[in-house]
Amino acid sequence: MASLRSDLIKDRGLFEKVAAELNSRTHFVLTCHVRPDGDAIGSMLGLGHALGERGKDVIIYSEDAVPKNLEFLPGTGDIEHKLPETIGDDVVLCILDCGEPGRIGSKSEQLVEQASRIIVLDHHLDNGAFANEEKALAYIDQDFFATGALVMLLLEHLKWPVTKPIATCLYSAIITDTGAFRHSNTTAAAFEMASALVEAGADPYVISNHLYQSYPERRIHLLGLVLRTLEVFDHGRVAVLQATPEMFRITGAVPEDTEDFVGFARSIDTVEVAVFVREVHAGHVTVSLRSKEFVNVARIAKAFGGGGHFHAAGFTTTGNTAEVRDAILKELGKLYGEL
Ligand SMILES: [Mn+2]
């Protein structure tokens, strides 16, 4: 039986070109998008370990710090957060989980200019940012559930061994981007590849404990206060949670502590649209929006200058939490009527 995962490669020619470059070149700079997540860090480190084990010279660069719950991934201590003036001659720049140079951060122009070759491995919507860049090979396919999966297929194609550190990084990438196999992108191939990574040494229990069971206590104190703000509208179709500056002050929590709070609003059976309104400093509000089926929350976010995907979007604005909540409900009514 053909492997489910080899069916994922649609552009064999491009895929093989990318693999050949990884194989033949010796100097690499690996990077990913700002505010990196498990797929960005996991795919970058997974590829970094593999290249390093082939004796290649690898710099791993992320403008932003590694989130606390990802610090366990092998190699995070070697990630550079400052870039030297020049990255050297004949360097291949590999951009992972990011198809837009601007999303690398403030050093994107320097990196793109100084690289002699650019490899883009990504699964976000391709806006053609590298289409006219002659030195770029951009393998971008939205049907991939994680960039880490694309990295794994390249390593298999090259017959490079998937060691335990590589397996740990790539498994974490897949877990993160499939929402631990709960998102709509979860396929049989995702399970097949995760299974192969567990065989190669990834420990699902240890990794899940790091990813989902290692929060600071203050997060749960903040969550307690936030859950008490729950309001539902439109016969339970819309749920809103809020965090005020006072809640952050009382609990000592920081913005990162609110990761996926919107998921608690979304988890109500009747809910179609979930809203989390976060005001860390008075007057500055960040909003997370989620939907389950038919509401395109990116349209709502766009009305406030933000963006995102159909089922997950967000924006920042000014005002207090109550004002912003009212404005969102009004916009939702304008776009969809009563849900
Ligand atoms: Mn990703």
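Modeller: Two strands pair if DSSP finds at least two bridges between them. Helices (H or I, at least four residues) and strands (E, at least two) are DSSP runs, numbered from the N terminus. This is a predicted model, in which local features need pLDDT of at least 70 and side-chain atom pairs count only at pLDDT 80 or more, while totals for chains, interfaces and linings use all residues. Residues are numbered from 1 along each chain as its sequence is written, and side-chain values use heavy atoms, with hydrogens and water left out.

Colleague: How do you know that strand β8 pairs with β9?

Modeller: Seven bridges join β8 (residues 273-279) to β9, and the definition asks for at least two. The two strands run antiparallel. V277 of β8 has V287 of β9 as its bridge partner, and E279 stands opposite V285 in β9. β8 and β9 form a hairpin with four residues between them, and G283 in the turn has a positive phi of about 90 degrees.

Colleague: Which strands lie beyond this hairpin in the pairing?

Modeller: β9 is joined by seven bridges to strand β11 (residues 312-318), again in the antiparallel sense. The bridge partner of S288 in β11 is G314. Strand β7 (residues 238-243) pairs with β8 over six bridges, in the parallel sense, and Q242 stands opposite V277. Strands of a sheet pair through backbone hydrogen bonds, either parallel or antiparallel.

Colleague: Why is β8 called largely enclosed by the rest of the structure?

Modeller: Seven of the seven residues of β8 are buried, and the strand is therefore largely enclosed. Buried means under 20% relative accessible area, exposed over 50%, and partly exposed in between (1.4 Å probe, protein chains only). V273, V275, V277 and E279 point one way from β8, while A274, F276 and R278 point the other way, and all are buried. Strand β9 (residues 284-291) has a covered face of V285, V287, L289 and S291, and an uncovered one of H284, T286, S288 and R290.

Colleague: Why is R103 called partly exposed?

Modeller: R103 has a relative accessible area of 31%, and that value falls between the limits of 20% and 50%. The place of R103 is in the loop between β3 and α3 (108-114). R103 touches C32, H33, V34 and C98, leaving out residues up to four places away in sequence. Contact means heavy atoms within 4.5 Å.

Colleague: Why are α2 and α4 called roughly parallel to each other?

Modeller: Helix α2 (residues 38-53) and helix α4 (residues 147-158) pack at an angle of about 15 degrees, with their axes 8 Å apart. Axes are lines fitted to C-alpha atoms, for helices over the stretch in contact, and angles run from 0 to 180 degrees between N-to-C directions. Angles under 35 degrees count as roughly parallel, over 145 as roughly antiparallel, 65 to 115 as roughly perpendicular and the rest as oblique. The angle of about 15 degrees is under 35, so α2 and α4 are roughly parallel. D39, S43, L47 and A50 of α2 make the contact with T147, G148, V151 and L155 of α4.

Colleague: What makes α5 and α7 oblique to each other?

Modeller: The axes of helix α5 (residues 164-177) and helix α7 (residues 204-212) cross at roughly 55 degrees and come within 11 Å. That angle is in none of the other three ranges, and the pair is therefore oblique. T168, Y171, S172, I175 and T176 in α5 meet P204, I207, L211 and Y212 in α7.

Colleague: What is the order of strands in the open sheet?

Modeller: The open sheet has five strands in the order β2-β1-β3-β4-β5, with parallel pairing. The edge strands are β2 (57-61) and β5 (136-140), since each pairs on one side only. The twist averages 15 degrees from one strand to the next. Strand β1 (residues 27-32) is joined to β2 by five bridges, and V29 stands opposite I59 in β2. Helix α1 (residues 12-24) packs on the sheet, touching β1, β3 (92-96), β4 (117-122) and β5. α2 lies across β1, β2, β3 and β4, running at about 170 degrees to β1.
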